[in-house]
Amino acid sequence: MAFKAVPGLYSYKRFFIFLFLVLLVSILIVLVGLLNFLPGSIYSSENNYECLNLKNLDNIPEVTLPTDSPISSGPNPKCSYYDCFNIYKCGHKGSSKILVYVYPLIKYYDLKGNPVTSQMSKEFYQLLKTITESKYYTPNPLEACLFVVSIDTLNQNRFRAKETSQALASLPHWNNGENHIIFNMIPGSAPEYNTVVDLALGNAIVAGAGFDSWSYRVGFDISLPVFSPIASTLKDASYTRKWLVISSQLNIHPEYYSELLQLSSNTNELLVLEPCHDMRNASMRCHGTRTYHYPHILQRGVFCLVLRGARLGQPTLLDALAAGCIPIISADTIVLPFADVIDWKRVSLLLSEGDLSSILKVASAIPTIKQKEMSAQGKWLYSTYFSSMESITLTALNILNDRVYPQYARVYEDWNNPPHSSPVKSPLFLELTAPRWQGFTAVILTYDRVDSLFLLIQKLVKVPSLTKVLVIWNNQRKSPPHASLWPKISKPWKLIQTKANKLSNRFYPYEEIETEAILTIDDDIVMLTADELEFGYEVWREFPDRIVGFPSRVHVWDNATNRWKYESEWTNQISMVLTGAAFHHKYWSYMYTTSMPGNIKEWVDDHMNCEDIAMNFLVANVTNKAPIKVTPRKKFKCPECTNTEMLSADLNHMVERSHCIDRFAAVYGRLPLRTVEFRADPVLYKDTFPHKLKRFNNIGSL
């Protein structure tokens, strides 16, 4: 028996299946929407999380701690950033900054109804307020990189250690302290006065004051200052610094106090202050019958002594910085505040506790100009990093952020140089002649002039002080010659192929450069003799912070255009030495690559011009010194090259270089170039002496 198909039956089935699927999807969408409104759900949006409320401190939830609540181990003395910090909690949703979660405020009590901590201090309130108002704050613990405990642990004397440790262990995200940070400024209690807060911290980070080198976990913990609220009462005033050294602490060891009194009995340069008999006014200090107001008296001293008390960290340090008084820190093993990023050598003197008797000798040896620099730097550090709990808290968070995101981290200059500061003394501190034994590294920038390049290499190896040759191949369209075609030389050399044709490649601080001195030289400078190059290196050894070289130029003011003009004519003055044949310290290559102001470096690479002018600006701006031209040679022509091959043959070359001076001066906000009438020539090279009496015979006259 045959069955007959019913027309349209298959179409009805498809319709009902489609309708069922639509209904199922709709139900799922509704369920997901309901889940979004459930508190604590993993689907909840961050807007459903309650922000820390610091405005209503009267209605804080209360929690009673059970006696058997677990306590985590710690602190873990072996913790490091790579062992105890979970980096995978950071970078939520592609964030390029750490996200910090602050626990809600809770009042903790023991079973007897006694509070675990005292009332929140003003300083801790300001700390929490700063975090919640910062760019790092998040109310969502699920996306937090760092967790801040809302229990006031700043002062060891204001909380009970065992019960506070139990409160920490009860936190929902504690996990033995992983990615948690504990803030503390007064650690330890009598009689031990430990340098770390006495809590079971596990793997938590400690941002604390008074660390010593034994308890501080380098790269993990953060060293804070002991905040001094009275330092903010100081106003800028130009007082005469009557005393060389002032000792104002009241809690120093009796032996140190006796030693200071003995020193002060023989001189008027040391003022030793002591508590006044009437201690109703804690801001007063006495010396015999004389009364002084503290901390204002610190503004009358050049140096202020900061000694260890019962604890290593002392608020006197911030008082001294705020007063412009240079701290003399005599506390062995102390880890100074924010020591990871702040260069304390620029603002203070570190004196061993055993050398306290030499304090006046050490202080008097600092020149007056250096004293002013240290005082000004100290006041800037105070106003930037230490003047308030807000600045201290943000600095700590910035340091942590730099650790998590090193690609965005600030460098030494960002932390230690005031913005728009006046030119400073050369950072090289090379006051003596540089050692001869190191020699120099020749860095040759080349494109495709192979014949002149090979000739230059063969001439360079004849220079006695040459230690290595680096060839920077700047041509991405053409491969360098095969290794078998290169000259066979007796000095080590290496070929470096760049990824882009940039003039700034000649100044990159290549790791192959092991000497302090660098000779940057173009591949067409083949006319310099071995004697001239050796003499140039000898001159650089006496002026290691300057550019020392052969072709010189000068800048002049053009009254017709009211602009600076780049001048290459022979004159009695020079202000630039071109880096096509010049020696400089490798520090300047690092500075050029990493710290060139504005967009100068990018502009040079885009226009393929003026990299030598940019380097002269950079060095002159830091040192306030002119370059050094050596030997009388003035002509630098490539005998094997036609003029069309030379970059400087372009008619617009000179005009553009004049524009460079104007552009760079605008970026620097001044014209740092220094003009000088000076040239270094070898002794006896023009005298009619036998050649065997002369060291440098082959010195060209032009």
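A residue counts as exposed when its relative accessible area is over 50%, and as buried when that area is under 20%. In this predicted model, Asn562 has a relative accessible area of 53% and is therefore exposed. Asn562 sits in the loop between β20 (552-558) and β21 (563-567). Its phi is positive, about 55°, although Asn562 is not a glycine.

Cys610 also departs from the usual sign of phi. Here phi is near 75°, a positive value in a residue other than glycine. Cys610 belongs to the loop between α14 (600-607) and α15 (611-623). With a relative accessible area of 0%, Cys610 is buried.

Two cis peptide bonds can be described next. One joins Ala190 and Pro191, with omega about 0°. Pro191 is located in the loop between β5 (180-184) and β6 (205-209). Another joins Tyr294 and Pro295, with omega about 10°. Pro295 falls in the loop between β11 (290-293) and β12 (301-307).

An open sheet is built from 5 strands in the order β2-β4-β5-β6-β7, and the pairing is parallel. The edges are taken by β2 (100-102) and β7 (222-224); each has a single partner strand, so one side of each is left without a neighbour in the sheet. Neighbouring strands of this sheet are turned by 25° against each other on average, direction ignored. At the β2 edge, 3 bridges join β2 to β4 (residues 146-148) in the parallel sense. Val100 is set opposite Leu146 of β4.

Helix α9 lies across β2, β4, β5, β6 and β7. The helix runs at about 165° to β7. Helix α8 (residues 368-386) packs against α9 at an angle of about 80°, and the two axes are 7 Å apart. The two helices are therefore roughly perpendicular to each other, since angles of 65 to 115 degrees fall in that class. On the α8 side, the contact is made by Thr384, Tyr385 and Phe386. On the α9 side, Ser391, Ile392 and Thr395 take part.

Ser391 merits a closer description. This residue is placed in helix α9 (residues 389-404). Ser391 has a relative accessible area of 12% and is buried. A polar atom of the Ser391 side chain lies 2.8 Å from the backbone oxygen of Ser388. Neighbours within four places in sequence aside, Ser391 is in contact with Thr384, Tyr385 and Phe386. These three residues also supply the α8 side of the helix contact.

A further open sheet contains 7 strands, in the order β17-β16-β15-β18-β23-β19-β24, with mixed pairing. Its edge strands are β17 and β24 (628-629), each of which pairs on one side only. Towards the β17 edge, strand β16 (residues 466-473) has 7 of its 8 residues buried, so β16 is largely enclosed by the rest of the structure. Strand β15 (residues 440-446) and β16 run parallel and are joined by 7 bridges. Phe440 is found opposite Leu466 of β16. Strand β17 (residues 493-497) also pairs with β16 in the parallel sense, over 5 bridges. In this pairing, Val469 faces Trp493 of β17 as its opposite residue. At the other edge, 2 bridges join β19 (residues 548-549) to β24, and these strands run parallel. Gly549 has Lys629 of β24 as its bridge partner.

Helices accompany this sheet. A right-handed β-α-β unit is made by β15, helix α11 (residues 450-460) and β16. The buried residues of α11 are Val450, Ser452, Leu453, Phe454, Leu456, Ile457 and Leu460. Their cover includes β15, β16, β18 (517-522) and α12 (530-542). Helix α12 itself lies across β15, β18, β19, β23 (581-585) and β24. Its direction is at about 30° to β23.

Notes
Residues numbered from 1 in each chain as written. Predicted model: local features only at pLDDT ≥ 70, side-chain atom pairs only at ≥ 80, totals over all residues. Heavy atoms only, no water. Helix = DSSP H or I, 4+ residues; strand = E, 2+ residues; numbered from the N terminus. Buried < 20%, exposed > 50% of the residue type's maximum accessible area, 1.4 Å probe, protein only. Polar contact = N/O pair within 3.5 Å; in protein donor to acceptor, adjacent residues only side chain to side chain. Contact = heavy atoms within 4.5 Å. Pairing = 2+ DSSP bridges. Right-handed = clockwise from strand over helix to strand, strands pointing away. Axes fitted to C-alpha atoms, helices over the stretch in contact; angles between N-to-C directions. Parallel < 35°, antiparallel > 145°, perpendicular 65-115°, else oblique.
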